[in-house]
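Welcome! Here are some short exercises, each followed by a solution in steps. Have a look at the structure, then try each task before reading on.

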Amino acid sequence: MKPFFENLKQSFTSENFKKTFQETMSGDVLLRERVRAQMPFVIMICAMFVIYMFCNYRAQTQQRQISQLNKQLEDAHFEYLTLQAELVEQSRQSYILQRLQENGSNVKISNQPAIAID
């Protein structure tokens with residue numbers, strides 16, 4: 001167990017740290033065989049990250065569109081209800097009779113029930 005701690009202490013010396021830092025910053029680390037062997041994996045991870053970002057952006061855009069369409073649908077539904085209420089009001093017999101009298105028509109409500117013609 002003792003050699004492990006000695007190797008660990010040795011790897012944290014300032015000279016070793018400077019060398020490792022220099023290799024990392026200059027890019028020499030990327031030329032090592034172990035790192036080069038992992039490059040396809042790193043490229044795949046980067047590609048997957050780009051695809052993830054694209055899908056996330058597209059999902060957010062579609063969510064905004066859905067929200068806008070739901071709002072338009074709700075507005076159209078309320079407009080439909082308003083127009084339907086106006087139509088019901090204007091199709092009542094009393095309203096029709098009042099409009100006819102305003103236009104000077106002599107149409108009166110019949111006192112006799114309607115007769116079915118066979």
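**Exercise 1.** Is Cys 46 buried, partly exposed or exposed?

*Solution.* Keep in mind that this is a predicted model. Start with the relative accessible area of Cys 46, which is 46%. Next, recall the cut-offs: buried means under 20%, exposed means over 50%, and partly exposed lies in between. Cys 46 is therefore partly exposed. Now try Cys 55: with a relative accessible area of 44%, Cys 55 is partly exposed too. As a last step, look for disulfides; the structure holds zero of them.

**Exercise 2.** Find the secondary structure elements and write down their pattern.

*Solution.* Begin by counting: there are five helices and zero strands. Then read along the sequence, and the pattern comes out as α-α-α-α-α.

**Exercise 3.** Compare the span of helix H2 with the expected one, and see what follows the helix.

*Solution.* Helix H2 covers residues 14-26, which gives 13 residues. From the first C-alpha to the last, H2 reaches 18 Å. At 1.5 Å a residue, 18 Å is expected, so the span is close to expectation. Step past the end of H2 and you meet Gly 27, which has a positive phi near 95°.

**Exercise 4.** Which residues make a nonpolar surface patch of about 460 Å²?

*Solution.* The patch consists of Phe 41, Val 42, Met 44, Ile 45 and Met 48. Take Val 42 as an example: this residue is found in helix H4, residues 39-90. Its relative accessibility is 40%, so Val 42 counts as partly exposed. A patch residue needs over 30% relative accessible area, and Val 42 has 40%.

**Exercise 5.** Describe the surface of the whole protein.

*Solution.* First, the exposed area is about 11700 Å². Carbon and sulfur atoms supply 61% of that area. Second, of the 118 residues in the protein, 2% are buried.

**Exercise 6.** Which element has the lowest mean pLDDT, and which the highest?

*Solution.* For the protein, the mean pLDDT is 85, and 90% of the residues reach 70 or more. Among the elements, helix H1 (residues 2-11) has the lowest mean, 63, while H4 has the highest, 96. Where pLDDT is low, predicted coordinates should not be read in detail.

Key. Residues numbered from 1 in each chain as written. Predicted model: local features only at pLDDT ≥ 70, side-chain atom pairs only at ≥ 80, totals over all residues. Heavy atoms only, no water. Patch = residues over 30% accessible without salt bridge, like charges linked within 9 Å, V, L, I, M, F, W, Y side chains within 5 Å. Areas by Shrake-Rupley, 256 points an atom, 1.4 Å probe, with all protein chains shown as cover. Salt bridge = Lys/Arg side-chain N within 4 Å of Asp/Glu carboxyl O. Helix = DSSP H or I, 4+ residues; strand = E, 2+ residues; numbered from the N terminus. Buried < 20%, exposed > 50% of the residue type's maximum accessible area, 1.4 Å probe, protein only. Disulfide = S-S within 2.5 Å. pLDDT = per-residue confidence, 0-100.
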